[in-house]
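Okay, thanks everyone, let's get going. I'll put the structure up and then walk through it piece by piece.

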Amino acid sequence: MGYIELNVLNNQSSLAMGIDLGTTNSLAAVWRDGRPVILHPEGKSGSVPSVVHFPADGSQPKVGREGRDHAAAAPERTLFSVKRLMGRPAADVQGELARIPFPTSEGDDGVLRLNIDGREFTPQELSALILNRVHDHGCRALNDEKPDRVVITVPAYFDDAQRQATRDAARFAGLDVLRIVNEPTAACLAYGLDQEKSGNVVVYDFGGGTFDVSVLSIADGVFKVLSTAGDTHLGGDDFDAALVGLIVEGLAGELSEEELKDPGFLTAARLSAERCKHALSKDPQAELHMVLAARGVTFHRTVTRAEFEALIEPLIERTIDSCRRALSDAGLAPDEVNEVVMVGGSTRVPAVNAAVESFFGRIPHTELNPDEVVALGAAVQAHILIGGSRDMLLLDVIPLSLGLETVGGAVSKLVMRNSTIPCSVTEGFTTYADNQTGIDFHVVQGEREMVSDCRTLAKFQLKGIPPMPAGMARVAVRFHVDADGLLTVSAREESTGASTRVEVEPMSGLSDEEVERMLLSSVEHAEEDFAVRRAADLITEIGTMRTATERSLDGVREHLDRETLEDIEEALKAAEEATSADAERLQALRDELERATLPLAALLMDDVAKAALSGKRLEDV
Ligand code: ADP
Ligand code: MG
């Protein structure tokens, strides 16, 4: 019997879209080829400004970028930040209404109405226009597919009414909401943190007009929001305002007070300020430039990053205060936080990043674009909800282990072969020599035990470690592999916060055959590797024992009998040859050193005990 292939008609797209419906910007993502990707038409950004403009001629509202382009010329017909009004009674949003250029009223149902050219719109309806725009924009990157099933993100603090309003907006836009997901949860999903067994995560979300910090706990892949804090009127807009201040100051002589308050002038100034701010995130100085063609006035000034940072420092400090509050509400100390995730365009400002790193004492996650991470996470969630398994589809695993060279040329593996990506691992390292002010990191790839048998991926240096005795410095090193396989290695010294990072593509230049060969060779050399590794570890251990012994001998030499002293010195002398011996001999040297120094250890223990009894500090004994 022959089979005829039927082309089953199915209207349902096999995709589901994740949408970050933001206060300032919105964007869409889907799961494709085993990972979430931002949807953007070719050559265009994925981000759609959450702006609706109503043209004076009564034609169709202009939404997104087009809407924002009209804002400078006609601010009185342009609506920003409609998200702030979602699901809130008029009484709660009086402050917001003052900023809205249209008359408002409250309907019998208690829902707010905006009166625009004689027509009434609810925030839900306006939000639907934005959702529609984002959905269309995203679909343009999908050829023929139009997934109408979506996951939409909302702030963790949104109450039931605000969530329901978001659902209603989606319904008006003709979309089928699979789930409303918290923005911080989505950010964690994008980083694959749901794959961790347990831990606490802080999501620091600094957007255009809002700042939110959330503390989440993970248990077996499930996120729980422990606390949230923030400021509904603190964001990149305030950074812009600080720069607008410079323009206003500079033009005070040339423009009248009235002209300086003109909404059209202020909108144009804000756009100039934002451009300058973006440039300052990558350059040490940038131009603040604005032309008022109608008045024949030009403003121009160079702003240094340091100047800008001084202006925004109090704003950043306020976000840190919120972090402090959120932690205390969650009952956690900063060092009980396992991961910090950066979200929102404003976290691209280096000073923001530095303040967060220093407060939490750890390097925050910035490997994914902070303005895309929520949409990416929404796409992960959408994919899971339509029955896609993340594990199955995550074809990508790390084919070769990734690690660091440690003392003696051995490899300490941080990310093991076959780990699924994205993933991250943090491990603590310390200095080997006294007063070492820098550490050289050598990132390697491979299964063999010694660096010389692995492949070098990168070398970098962490400088600025304060001089201290060997073993005292605390350096946290994190390996993060993102969904594209890009490895970011970051290192941070805890007392000074000195930090550095490198990015590498571990698989670039490696063919499948080479990977195969590297794997085979680790099996072939397993036994020999083990011996070499053991020898290297013993050499390191003997080195540490020698230094410790010599140091302790100095203080207590006269308290040891001659025989013991000679015994120790002999063992020390023998240990000098420890650089070249094989593992067996090294083991003997190590054991001999340990045996000979037993009386010394006992004496030291005794001193500690005596000191404790007499209440004296050890160094006084
Ligand atoms: P929201 O979540 O509030 O919708 P976003 O996360 O998209 O907003 O953040 C928008 C803010 O990020 C804007 O104030 C924008 O100026 C700012 N921003 C975007 N890119 C940069 C950058 N490179 N440097 C500084 N600020 C940036
Ligand atoms: Mg956002």
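So, four domains here, in what is a predicted model. Domain 1 comes in two pieces, 1-191 + 374-390. Then there's domain 2 at 236-310, domain 3 at 398-524, and domain 4 at 527-613. To give you a feel for the layout, the C-alpha centres of domain 1 and domain 4 are 68 Å apart.

Now, the ligand. Where does ligand 1 sit relative to the domains? Both domain 1 and domain 2 contribute residues to its shell, so ligand 1 lies between the two. That shell has 16 residues, and the closest ones are Thr 24, Asn 25, Glu 274, Lys 277 and Ser 281. Which helix gives the largest share of the shell? That's helix H8, residues 263-280, with three residues.

What about the character of the shell around ligand 1, polar or nonpolar? Mostly polar: twelve residues are polar, three are charged, and one is nonpolar.

Let me go through a few of the individual contacts. On Thr 24, a backbone N or O atom comes to 2.8 Å from an oxygen of ligand 1. Ser 281 uses its side chain instead: a polar atom there is 2.6 Å from a nitrogen of the ligand. And at Gly 345 we're back to the backbone, with a polar atom 3.0 Å from a ligand oxygen. How much of ligand 1 does the protein bury? Taken by itself the ligand exposes 580 Å², and 89% of that gets buried by the protein.

Okay, on to the sheets. I've picked out two of them.

The one I'll start with is an open sheet of four strands, ordered S15-S14-S13-S18, and its pairing is mixed. At the edges you have strand S15, 222-231, and strand S18, 339-343, each pairing on one side only. From one strand to the next the twist averages 20°. If you zoom in on strand S14, residues 211-219, you'll find nine bridges joining it to S15, with the two running antiparallel. Within that pair, Ala 219 stands across from Val 222 of S15.

The other sheet is open as well, again with four strands, in the order S21-S24-S25-S26, and here the pairing is antiparallel. Which strands are at the edges of this one? Strand S21, 423-429, and strand S26, 499-504, and each of those has a partner on one side only. The twist in this sheet averages 15° per step from strand to strand. Strand S25, residues 487-493, is joined to S26 by six bridges, antiparallel. There, Arg 492 sits opposite Ser 499 in S26.

That's my tour, so over to you for discussion.

Methods:
Residues are numbered from 1 along each chain as its sequence is written. Chains are lettered from A and ligands numbered from 1 in the order in which they are written. This is a predicted model: local features need pLDDT of at least 70, side-chain atom pairs count only at pLDDT 80 or more; totals for chains, interfaces and linings use all residues. Side-chain values use heavy atoms; hydrogens and water are left out. Domain bounds come from an automatic or database domain assignment. A residue is near a molecule or strand if one of its heavy atoms lies within 4 Å of it. A polar contact is a pair of N or O atoms within 3.5 Å; within protein, one must be able to donate a hydrogen and the other to accept it, and residues adjacent in sequence count only if both atoms are side-chain atoms. Accessible areas come from the Shrake-Rupley method with a 1.4 Å probe; for residues, only the protein chains shown count as cover. Ala, Val, Leu, Ile, Met, Phe, Trp, Tyr, Cys and Pro count as nonpolar, Asp, Glu, Lys and Arg as charged, and the others, Gly among them, as polar. Two strands pair if DSSP finds at least two bridges between them. Axes are lines fitted to C-alpha atoms, for helices over the stretch in contact, and angles run from 0 to 180 degrees between N-to-C directions.
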